[in-house]
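Trainee: I would like a close look at a single part of this model, taken slowly, with its surroundings added step by step. Could you choose one residue to begin with and build outwards from there?

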Amino acid sequence: MDYEETTVATAGIGPTWAALADVTNYPRWTASMTSVEPLDGPGLVVGNRFRIRQPGLPPTVWRVCDVRERESFSWEATAPGVRTLAYHHLSGEPDGTTRIRIGLRQTGALAGLVALFTRARTRRYVAMEAAGLKAAAEAAARSEDDEAADGR
(Lines give C-alpha, C1' and ligand atoms only; values in the text may rest on other atoms or scores of the structure.)
Protein backbone atom coordinates (compact mmCIF):
# COMPACT_ATOMS: atom_id res chain seq x y z
CA MET A 1 0.00 0.00 0.00
CA ASP A 2 1.27 3.46 -0.86
CA TYR A 3 0.26 6.80 0.61
CA GLU A 4 1.71 10.17 -0.37
CA GLU A 5 1.07 13.85 0.26
CA THR A 6 2.71 16.82 -1.46
CA THR A 7 2.56 20.46 -0.44
CA VAL A 8 4.62 23.60 -0.96
CA ALA A 9 6.02 25.71 1.88
CA THR A 10 6.76 29.38 1.37
CA ALA A 11 9.89 28.77 3.46
CA GLY A 12 13.22 28.02 1.83
CA ILE A 13 14.99 24.70 2.02
CA GLY A 14 17.04 25.68 5.11
CA PRO A 15 14.21 26.17 7.61
CA THR A 16 12.23 23.34 6.04
CA TRP A 17 15.12 20.89 6.43
CA ALA A 18 15.76 22.11 9.98
CA ALA A 19 12.15 21.32 10.95
CA LEU A 20 12.21 17.97 9.14
CA ALA A 21 15.53 16.84 10.61
CA ASP A 22 14.49 17.67 14.19
CA VAL A 23 12.45 14.48 14.52
CA THR A 24 12.03 14.61 18.29
CA ASN A 25 10.02 17.83 17.89
CA TYR A 26 7.45 16.38 15.47
CA PRO A 27 4.76 16.20 18.19
CA ARG A 28 4.97 20.00 18.46
CA TRP A 29 3.76 20.47 14.90
CA THR A 30 1.67 17.40 14.11
CA ALA A 31 -1.12 15.88 16.19
CA SER A 32 -0.43 12.57 14.40
CA MET A 33 2.41 11.93 16.88
CA THR A 34 2.28 12.16 20.65
CA SER A 35 5.96 11.35 21.24
CA VAL A 36 9.19 10.62 19.41
CA GLU A 37 11.76 9.03 21.71
CA PRO A 38 15.34 8.62 20.49
CA LEU A 39 16.77 5.19 21.30
CA ASP A 40 20.29 5.73 19.91
CA GLY A 41 20.64 9.50 20.11
CA PRO A 42 18.50 12.36 18.80
CA GLY A 43 20.35 12.88 15.52
CA LEU A 44 18.96 12.03 12.14
CA VAL A 45 21.69 9.47 11.41
CA VAL A 46 21.44 6.22 9.46
CA GLY A 47 20.90 3.41 11.94
CA ASN A 48 19.42 5.56 14.71
CA ARG A 49 16.11 4.32 16.04
CA PHE A 50 13.14 6.27 17.39
CA ARG A 51 10.10 4.99 19.27
CA ILE A 52 7.07 6.84 17.96
CA ARG A 53 3.70 6.93 19.65
CA GLN A 54 0.69 7.87 17.54
CA PRO A 55 -2.95 8.10 18.58
CA GLY A 56 -4.78 4.84 17.98
CA LEU A 57 -1.65 2.89 16.99
CA PRO A 58 0.77 0.78 19.02
CA PRO A 59 4.19 2.35 19.77
CA THR A 60 6.49 1.62 16.83
CA VAL A 61 10.26 1.68 16.52
CA TRP A 62 11.49 3.34 13.32
CA ARG A 63 15.09 2.96 12.10
CA VAL A 64 16.62 5.66 9.89
CA CYS A 65 17.78 3.97 6.68
CA ASP A 66 18.74 6.91 4.45
CA VAL A 67 19.65 10.57 4.94
CA ARG A 68 20.51 13.08 2.24
CA GLU A 69 21.27 16.38 3.95
CA ARG A 70 18.82 19.16 3.04
CA GLU A 71 17.07 16.81 0.62
CA SER A 72 15.51 13.68 2.10
CA PHE A 73 15.42 10.97 4.69
CA SER A 74 13.59 7.69 5.14
CA TRP A 75 13.03 5.35 8.00
CA GLU A 76 11.48 1.94 8.31
CA ALA A 77 9.52 -0.09 10.80
CA THR A 78 8.86 -3.80 10.74
CA ALA A 79 6.18 -5.97 12.25
CA PRO A 80 5.36 -9.60 11.52
CA GLY A 81 4.32 -9.72 7.86
CA VAL A 82 4.67 -5.98 7.21
CA ARG A 83 7.53 -3.63 6.42
CA THR A 84 6.69 0.07 6.44
CA LEU A 85 8.96 2.62 4.79
CA ALA A 86 8.26 6.31 5.36
CA TYR A 87 10.02 8.82 3.12
CA HIS A 88 10.39 12.59 3.30
CA HIS A 89 11.63 14.54 0.27
CA LEU A 90 12.31 18.26 -0.06
CA SER A 91 13.08 20.15 -3.23
CA GLY A 92 13.90 23.82 -3.43
CA GLU A 93 11.90 25.61 -6.09
CA PRO A 94 13.23 28.51 -8.24
CA ASP A 95 10.90 30.97 -6.47
CA GLY A 96 12.45 30.16 -3.06
CA THR A 97 9.67 27.89 -1.87
CA THR A 98 10.14 24.25 -0.90
CA ARG A 99 8.17 21.32 -2.27
CA ILE A 100 7.50 18.77 0.48
CA ARG A 101 6.66 15.18 -0.41
CA ILE A 102 5.92 12.75 2.41
CA GLY A 103 4.90 9.17 1.82
CA LEU A 104 4.54 5.76 3.31
CA ARG A 105 4.86 2.37 1.62
CA GLN A 106 3.79 -0.88 3.23
CA THR A 107 4.92 -4.23 1.85
CA GLY A 108 4.82 -7.82 2.99
CA ALA A 109 2.38 -10.68 3.25
CA LEU A 110 0.10 -8.86 5.69
CA ALA A 111 0.35 -5.36 4.20
CA GLY A 112 -3.08 -5.59 2.57
CA LEU A 113 -4.71 -6.72 5.80
CA VAL A 114 -3.03 -3.96 7.81
CA ALA A 115 -4.12 -1.42 5.19
CA LEU A 116 -7.70 -2.63 5.47
CA PHE A 117 -7.77 -1.56 9.12
CA THR A 118 -5.51 1.50 9.00
CA ARG A 119 -5.94 3.05 5.53
CA ALA A 120 -8.06 6.06 6.57
CA ARG A 121 -5.91 6.84 9.62
CA THR A 122 -2.69 6.44 7.61
CA ARG A 123 -3.90 8.82 4.89
CA ARG A 124 -4.98 11.34 7.53
CA TYR A 125 -1.65 11.11 9.40
CA VAL A 126 0.45 11.52 6.24
CA ALA A 127 -1.60 14.61 5.33
CA MET A 128 -1.27 15.98 8.87
CA GLU A 129 2.50 15.51 8.82
CA ALA A 130 2.90 17.28 5.48
CA ALA A 131 0.72 20.19 6.62
CA GLY A 132 2.48 20.34 9.97
CA LEU A 133 5.94 20.39 8.40
CA LYS A 134 4.84 23.18 6.05
CA ALA A 135 3.54 25.23 8.99
CA ALA A 136 6.65 24.57 11.12
CA ALA A 137 9.00 25.56 8.29
CA GLU A 138 7.04 28.72 7.53
CA ALA A 139 6.97 29.69 11.23
CA ALA A 140 10.75 29.17 11.48
CA ALA A 141 11.31 31.24 8.33
CA ARG A 142 9.12 34.08 9.72
CA SER A 143 11.08 33.97 12.97
CA GLU A 144 14.36 34.22 11.05
CA ASP A 145 12.96 37.15 9.05
CA ASP A 146 11.81 38.90 12.24
CA GLU A 147 15.23 38.46 13.86
CA ALA A 148 16.96 39.83 10.76
CA ALA A 149 14.60 42.82 10.67
CA ASP A 150 15.26 43.51 14.35
CA GLY A 151 18.99 43.39 13.70
CA ARG A 152 19.60 40.45 16.02
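Mentor: Leaving aside its neighbours within four places in sequence, S74 is in contact with R63, V64, C65, D66, L85, A86 and Y87. Please keep in mind from the beginning that this is a predicted model, and that each statement about S74 and its surroundings is a statement about that prediction. S74 belongs to strand β5, and at 10% relative accessibility it counts as buried, because the cut-off for that word is under 20%.

Another serine of β5 can be placed beside this one. S72 is also found in strand β5, and with a relative accessibility of 3% it counts as buried. When residues up to four places away in sequence are not counted, S72 touches W17, D66, V67, H88 and H89. D66 therefore appears in both lists, as a contact of S74 and as a contact of S72.

The strand that carries these two serines is part of a wider arrangement. Seven strands form an open sheet, in the order β1-β7-β6-β5-β4-β3-β2, and their pairing is antiparallel. The strands β1 (2-9) and β2 (35-38) stand at the edges, and since each has a single partner strand, one side of each is left without a neighbour in the sheet. On average, and with direction ignored, neighbouring strands of this sheet are turned by 20° against each other. As a general point, strands of a sheet pair through backbone hydrogen bonds, either parallel or antiparallel.

In the order of the sheet, β5 stands between β6 and β4, and we can follow the β6 side before the other. Eight bridges join β5 to β6, and the two strands run antiparallel. One of the pairs is that of T78 with R83, its bridge partner in β6. The hairpin of β5 and β6 has two residues between the strands, and G81 there takes a positive phi near 85°.

From β6 (residues 82-92) the sheet continues to β7 (residues 98-107), with 10 bridges joining these antiparallel strands. Y87, which we met as a contact of S74, stands opposite G103 in β7, while G92 stands opposite T98 in that strand. In the hairpin of β6 and β7 there are five residues between the strands, and G96 takes a positive phi near 90°.

Now return to β5 and turn to the β4 side. The loop between β4 and β5 holds R70, whose phi is near 60°, a positive value in a residue other than glycine. With a relative accessible area of 43%, R70 is partly exposed, whereas S72 in β5 is buried.

C65, another contact of S74, leads us to V46, which lies in the loop between β2 and β3 (49-53). V46 and C65 are 19 residues apart in sequence, yet their C-alpha atoms are 5.1 Å apart in space. Not counting residues up to four places away in sequence, V46 touches V64, C65, D66 and V67, and at 49% relative accessibility it counts as partly exposed.

Further along the order of the sheet comes R53, in strand β3. R53 is partly exposed, with a relative accessible area of 33%, and its contacts beyond four places in sequence are M33, T34, S35, E37 and P59. The C-alpha atoms of R53 and V36 are separated by 6.6 Å, although the two residues are 17 places apart along the chain.

One more element completes the surroundings of β5, and W17, a contact of S72, points us towards it. Helix α1 (residues 13-21) lies across β1, β4 (60-68), β5 (72-79), β6 and β7, and it runs at about 160° to β6. The buried residues of α1 are I13, P15, T16, W17, A19, L20 and A21. Because seven of the nine residues of α1 are buried, this helix is largely enclosed by the rest of the structure.

As a contrast to these buried positions, consider a patch of the surface. L110, L113, L116 and F117 make a nonpolar surface patch of about 440 Å². L113 has its place in helix α3 (residues 111-149), and at 47% relative accessibility it counts as partly exposed, whereas S74, where we began, counts as buried.

How values were computed
Residues numbered from 1 in each chain as written. Predicted model: local features only at pLDDT ≥ 70, side-chain atom pairs only at ≥ 80, totals over all residues. Heavy atoms only, no water. Pairing = 2+ DSSP bridges. Helix = DSSP H or I, 4+ residues; strand = E, 2+ residues; numbered from the N terminus. Axes fitted to C-alpha atoms, helices over the stretch in contact; angles between N-to-C directions. Contact = heavy atoms within 4.5 Å. Patch = residues over 30% accessible without salt bridge, like charges linked within 9 Å, V, L, I, M, F, W, Y side chains within 5 Å. Areas by Shrake-Rupley, 256 points an atom, 1.4 Å probe, with all protein chains shown as cover. Salt bridge = Lys/Arg side-chain N within 4 Å of Asp/Glu carboxyl O. Buried < 20%, exposed > 50% of the residue type's maximum accessible area, 1.4 Å probe, protein only.
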